[in-house]
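Let's take a friendly walk through a protein model, from its pockets to its interior. Have the structure open beside you as you read.

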Amino acid sequence: MSTRARIPFLKGHGTENDFVIVPDPENTLDLPAATVAALCDRRSGIGGDGLLHVVRSAAHPEAREMAAQAEWFMDYRNGDGSIAEMCGNGVRVFARYLLRAGHIGEGDLAVATRGGVKAVHIAKDGDVTVGMGRARLPEGDVTVSVGERSWPARNVNMGNPHAVAFVDDLAHAGDLYSPPPFSPAAAYPDGVNVEFVVDRGPAHVALRVHERGAGETRSCGTGACAVAVAAARRDGADPAVTGAPATYTVDVPGGTLVITERPDGEIEMTGPAVIVAEGEIDAEWLEKAAS
């Protein structure tokens with residue numbers, strides 16, 4: 001960690017998927033997994049599903065090649081400290097922070113992530129739209145299980161891996177404390193985010209999700225996109241085939257997201273992003289907590 005006595009942080013959420021935000025434009029902080037996990041601990045730390053490390057792209061070795069396209073890099077970490085490729089709700093909160101800090105204005109911007117450069121639009125009404133890129137649909141059958149039940153799942157990759165299972169009742173997902181078993185193991189060598197989905201009405205679904213490294217969360221942006229893609233394919237509404245955009249309302253435990261897949265395959269996610277607090281981390285506490 002830095003030798004500075006105190007380190008600034010903010011707390012934010014997107015549909016109650018919550019994050020510790022650590023501004024560090026010049027990438028001067030050392031944030032090993034144990035440090036991130038201590039910050040994200042809900043009882044002894046600040047608490048969050050993940051951590052948004054805010055760095056200028058030019059200052060981070062993983063983002064320098066994207067610096068010409070996007071000034072800012074979202075160095076995203078899961079709540080257990082592991083590194084993740086992308087977080088859709090996190091990008092919206094990241095953009096909200098940049099606006100609050102005066103780094104950007106309303107309108108369009110680009111954010112660098114490990115999943116590539118994402119186009120973001122901050123509307124005057126407060127909602128944030130993120131271009132989530134295209135979904136990949138790997139071939140092969142996948143099955144997920146909870147207790148005695150098992151379901152076929154759609155393998156959808158949104159820059160991170162998802163298994164989408166349509167169920168009769170969201171309660172069938174169980175407590176989601178531990179990762180739901182899946183097969184074959186080779187389908188997800190690095191683990192997977194698992195979404196359990198029920199229908200609420202035409203082009204309207206609801207989900208519960210187990211996120212890799214975080215357990216059940218109140219929302220998952222990439223998961224909502226994966227669910228919308230899987231639902232569109234199930235419903236015969238593949239935009240590449242129909243030539244018309246497919247828009248799904250996706251209820252998550254923490255709110256509602258609107259997902260649109262265009263005929264060219266690009267996916268947009270719209271939803272709220274809120275900053276709820278800011279303060280300072282005591283570096284001495286953090287060094288002890290992470291040791």
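## The largest pocket

This is a predicted model, and a good place to begin is its largest pocket. The residues that line this pocket are Glu-16, Asp-18, Arg-42, Gly-48, Asp-49, Gly-79, Gly-213, Ala-214, Glu-216, Thr-217, Arg-218 and Pro-253. Try finding them in the sequence, then in the 3D view.

How many of the lining residues are charged? Six are charged, four are polar and two are nonpolar. The space in this pocket comes to about 200 Å³.

## A helix in the interior

Next, look for helix α3, which runs over residues 221–234. How far apart should its ends be? With 14 residues at 1.5 Å a residue, the helix should span 20 Å, and its end C-alpha atoms are indeed 20 Å apart, so expectation and model agree.

Is α3 enclosed or not? Twelve of its 14 residues are buried, so the helix is largely enclosed by the rest of the structure. The buried ones are Gly-221, Thr-222, Gly-223, Ala-224, Cys-225, Ala-226, Val-227, Ala-228, Val-229, Ala-230, Ala-231 and Ala-232. Just after α3 comes Gly-236, with a positive phi of about 70°.

## Two nonpolar cores

In soluble globular proteins, nonpolar side chains tend to be buried together. In this model, the largest nonpolar core has 52 residues, and Val-120 and Ile-259 have the most contacts inside it. Helix α3 gives the most to this core, with nine residues. A second core, separate from this one, has 17 residues, including Trp-151, Ala-153, Leu-170 and Tyr-188.

Which residues does Val-120 touch? Leaving aside residues up to four places away in sequence, Val-120 is in contact with Val-91, Ala-95, Gly-107, Asp-108, Leu-109, Val-111, Val-128, Thr-129 and Val-130.

## A closed cavity

Finally, let's look for enclosed space. Searching the whole structure turns up one cavity of 30 Å³ or more. The largest cavity holds about 90 Å³ of space.

Its lining is made of 13 residues, and those nearest the centre of the cavity are Asn-78, Met-86, Asn-160, Asn-193 and Glu-211. Strand β4 (72–78) and helix α3 are the elements that each give two or more residues to this lining. Sorted by class, the lining of the largest cavity has six polar, five nonpolar and two charged residues. Helix α3 therefore turns up in two parts of our tour: as a contributor to the largest nonpolar core, and in the lining of the largest cavity, while being largely enclosed itself.

Definitions and conventions. Residues numbered from 1 in each chain as written. Predicted model: local features only at pLDDT ≥ 70, side-chain atom pairs only at ≥ 80, totals over all residues. Heavy atoms only, no water. Helix = DSSP H or I, 4+ residues; strand = E, 2+ residues; numbered from the N terminus. Expected span 1.5 Å × (residues − 1). Buried < 20%, exposed > 50% of the residue type's maximum accessible area, 1.4 Å probe, protein only. 1 Å grid on protein atoms, 1.4 Å probe; cavity = no way out; pocket = protein on both sides within 12 Å on 5 of 7 lines; lining within 4 Å. Points joined across faces, edges and corners; volume = space filled by probe spheres on them. Nonpolar A, V, L, I, M, F, W, Y, C, P; charged D, E, K, R; others polar. Core = buried A, V, L, I, M, F, W, Y, C linked by side-chain atoms within 4.5 Å. Contact = heavy atoms within 4.5 Å.
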